[in-house]
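Here are some worked exercises to go through with the model open beside you. Try each task before you read its solution.

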Amino acid sequence: MFSRFTPAMRMGTSIAIAVGVYGISFGALSVTAGLNVWQTCALSALMFTGGSQFAFIGVIGSGGTGAAAWAAATLLGVRNGVYGMQLKSLIRPPARRIPLMAQLTIDESTATATAQDHHDERVRGFWTAGVGVYVMWNGFTLIGALAGNALGDPAMWGLDGAAVAAFLGLLWPRLHAKDPIALAVVAALATIITLPLVPPGIPVLIAAAVTAGWWAWRRRAAEAVAE
Amino acid sequence: MTLWIWVLGACVAAYAIKLAGYLLPQSLLDRPVFGELAGALTVGLLTSLTVMNTVGKGQGIALDSRLLALAAGAIALKLRAPYIVVVIAGALASAIGRRAGLP
């Protein structure tokens, strides 16, 4: 069956398995942080954006307030709004699909869609990765939440390392020229410098703002040279 | 009980943000400058997420076995391994590091 998949569907399925299994780590960490099983599952089913979910339970687990958890999760979710704009201009979905597409708009579905060269493949990539991650992520969240402390520290199983490699794998294909590499270096520096200074989740937004500033400055410099 | 309110409130906010991106007019999104900015922002966000997952620990930095995962992932990507192999390489590297006694 897998052999009949198009390249975009294969990529989407791979991502769904790799990232979905990581849901076990979220489920276990969430109940350890003090949420109950239902709250943990609600986050995966309704919020459905891993970074924000980890930010939410991270703040609660470290003794922060519900309001602080809300703010960290919401700020980290802002990038999904950017993804929505990108996907709309790339795929031009019919209006009736947008409510469902919006819920499935996350790092993995966006990355799978934007990595394809043709419209139909982009659509297939988006839905395979989006639906695939949704099913896997929610199933493994429940398993992790029920297993809870019995699983021990998820880090011992290398699940935090899986997340690192997963994000690097999404970034890698975009580092194909000098300009994006410079952007990445700037974003990495902004993140490292601000990590100890501001609450969890915020460095990503600072890095995004610095990236946009750098991009605008480079663009203006390029225009000045052209004139 | 109050935690439930923040859980559901954060879920509503997350969906509203996702939907907002799709509600911008197509004419605005069609401007080439917008595509360039969106591409730059994607690189910035994915880089930041990678770095944060590698060295971030609460409000601070911790250098531990996740650095091995980053290196293993990079090597796998350099060898053009499929995505799932890249992720497994990262998991194995940090699991081996931890079991060998590294932080």
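A salt bridge here is a side-chain nitrogen of Lys or Arg within 4 Å of a carboxyl oxygen of Asp or Glu. The model is predicted, so to speak of local features a pLDDT of at least 70 is needed, side-chain atom pairs count only at pLDDT 80 or more, and totals for chains, interfaces and linings use all residues. Residues are numbered from 1 along each chain as its sequence is written, chains are lettered from A and ligands numbered from 1 in the order in which they are written, and side-chain values use heavy atoms, with hydrogens and water left out.

**Exercise 1. Find the residue that forms a salt bridge with A:Asp107, and say which helices the pair links.**

Step 1. Start with the search of the whole structure, which finds 7 salt bridges over all chains.
Step 2. In one of these, A:Asp107 pairs with A:Arg79, with the closest N and O atoms 2.8 Å apart.
Step 3. Now place the partners: A:Asp107 is in helix α7 (residues 107-114) of chain A and A:Arg79 in helix α5 of chain A, so numbered because helices (H or I, at least four residues) are DSSP runs counted from the N terminus. The two residues are 28 residues apart and link distant parts of the chain.

**Exercise 2. Describe the course of α5(A) and what comes just after this helix.**

Step 1. Helix α5 of chain A covers residues 66-91, 26 residues in total. From first C-alpha to last it reaches 37 Å, close to the 38 Å expected (1.5 Å times one less than the number of residues).
Step 2. Look for a bend, the angle between axes fitted to the seven residues ending at a position and the seven starting there. α5(A) bends by about 25° at A:Leu76.
Step 3. Just after the helix, A:Arg92 takes a positive phi of about 50°. A:Arg92 sits in the loop between α5 and α6 (98-103) of chain A.
Step 4. For a second example, turn to chain B: B:Arg80 is not a glycine, yet has a positive phi of about 60°. B:Arg80 lies in the loop between α4 and α5 of chain B.

**Exercise 3. Work out how chain B and chain A meet, and which salt bridge joins them.**

Step 1. Take contact as heavy atoms within 4.5 Å. Chain B gives 66 residues and chain A gives 87 residues.
Step 2. Buried area is the accessible area (1.4 Å probe) that two parts lose on being put together, summed over both. Here this area is about 6700 Å², and carbon and sulfur atoms give 75% of it. B:Lys18, B:Tyr22 and B:Tyr83 supply 14% of the area that chain B buries against chain A, more than any other three residues.
Step 3. Across this interface the rule finds 1 salt bridge. Its partners are A:Arg219 and B:Glu36, at 3.3 Å, N to O.
Step 4. Ask which elements of chain B touch chain A: α1 (2-23), α2 (26-29), α3 (32-55), α4 (66-78) and α5 (83-99) each give two or more residues. The largest share, 22 residues, comes from α3(B).
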